[in-house]
Amino acid sequence: ADFTYGHRVSNRAIDFICRHKDEDFFLVVSYDEPHHPFLSPKPFSEMYKNANFKPFDNENDDLSRKPIHQQVWAEYIHDHYEYSREEFFQLFFGANAFIDDEIGRVVQSIDEYTPNAMVIYTSDHGEMMFAHGLAKKGPAMYEEITNIPLIVRFPGNLIANSESNLLVSHIDITPTVLDYF
């Protein structure tokens, strides 16, 4: 795992948490994985090797009534994408499982050294995963790209087990943190 950026980022975060456990701090831990080239060590890189990924209902969208840039994007993906559908899913889900494990290491360190910390988990974007015949991300507002996680764990269970389907944005994070403090 030492060859991955994600593992090194986790190690640095854990070291920071240990060194500053008796101080107030704001720490941002940002991972490059699971972006291309979807690096992850074994067993993560092989855990989805023989998985059978069923096609999405909208995977064969002909895009004929969609904006021209989406049609060009789909054509490019069809003709030039470097991974087969199966290779992509194996590597993408393996890299996600790996980073989930790395995030778990950091959260375990938070729980051990700073159990009263607020923890916010989010992502910058989703992944088309061949929905609508598209892959990666791009200029579209499909749910596959825009529906990303935003999980907030407040210290002391201030808001225990609540869930919302309301529209939120990353712009809401700063006022939430400032309001808390």
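Let's start with Phe-88, which counts as buried because its relative accessibility is 0%. Keep in mind that we're looking at a predicted model. Phe-88 belongs to helix α3, which covers residues 85-113. Which residues does Phe-88 touch, once we set aside those up to four places away in sequence? The list is Phe-38, Tyr-81, Tyr-83, Glu-127, Met-129 and Phe-130. If you'd like a distance to try on your screen, go from the C-alpha of Phe-88 to the C-alpha of Glu-144: the separation is 16 Å, for two residues 56 apart along the chain.

Now let's widen the view to the core. The largest nonpolar core has 20 residues, and Phe-88 is among those that touch the most other members, together with Trp-73, Tyr-81, Met-128, Phe-130 and Leu-134. Two elements, α2 (68-80) and α3, each give two or more residues to this core. Which of the elements gives the largest share? That is α3, with 4 residues. There is also a second core, separate from this one, with 13 residues, including Val-9, Ile-14, Ile-17 and Val-119. As general background, nonpolar side chains in soluble globular proteins tend to be buried together.

Please click on Trp-73 next. Leaving out residues up to four places away in sequence, Trp-73 touches Met-128, Leu-134, Ala-135, Lys-137, Gly-138, Pro-139, Ala-140 and Ile-145.

Back to helix α3 for a moment, since Glu-102 is found there too. Is Glu-102 buried or exposed? Glu-102 counts as buried, because its relative accessibility is 2% and the cut-off for buried is under 20%. Beyond its neighbours within four places in sequence, Glu-102 is in contact with Gly-6, His-7, Ser-10 and Tyr-31.

On to the backbone. For context, most peptide bonds are trans, and most residues other than glycine have a negative phi. Here are some spots in this model to look at with that in mind. The bond from Glu-33 to Pro-34 is cis, with omega near 10°. Lys-42 and Pro-43 are also joined by a cis peptide bond, and omega there is about 5°. Where do the prolines sit? Pro-34 is in the loop between α1 (5-19) and α2, and Pro-43 is in the loop between α1 and α2 as well.

That loop between α1 and α2 also holds Leu-63. What is the phi of Leu-63? It is near 60°, a positive value in a residue that isn't glycine. Leu-63 counts as buried because its relative accessible area is 2%.

Met-129, one of the contacts of Phe-88, has a positive phi too, about 50°, although it is not a glycine. You'll find Met-129 in the loop between β1 (119-122) and α4 (143-146). At 15% relative accessibility, Met-129 is still counted as buried.

Last stop, the surface. Which residues form a nonpolar patch there? They are Leu-150, Val-152 and Val-168, and together they have about 200 Å² of accessible area. Val-152 is located in strand β2, residues 150-153. With 32% relative accessibility, Val-152 counts as partly exposed.

So, to retrace our path: we began at Phe-88, buried at 0% relative accessibility, and we finished at Val-152, partly exposed at 32%. Thanks, everyone, and I'm happy to go back to any of these residues on the screen.

Note on methods. Residues numbered from 1 in each chain as written. Predicted model: local features only at pLDDT ≥ 70, side-chain atom pairs only at ≥ 80, totals over all residues. Heavy atoms only, no water. Patch = residues over 30% accessible without salt bridge, like charges linked within 9 Å, V, L, I, M, F, W, Y side chains within 5 Å. Areas by Shrake-Rupley, 256 points an atom, 1.4 Å probe, with all protein chains shown as cover. Salt bridge = Lys/Arg side-chain N within 4 Å of Asp/Glu carboxyl O. Buried < 20%, exposed > 50% of the residue type's maximum accessible area, 1.4 Å probe, protein only. Contact = heavy atoms within 4.5 Å. Core = buried A, V, L, I, M, F, W, Y, C linked by side-chain atoms within 4.5 Å.
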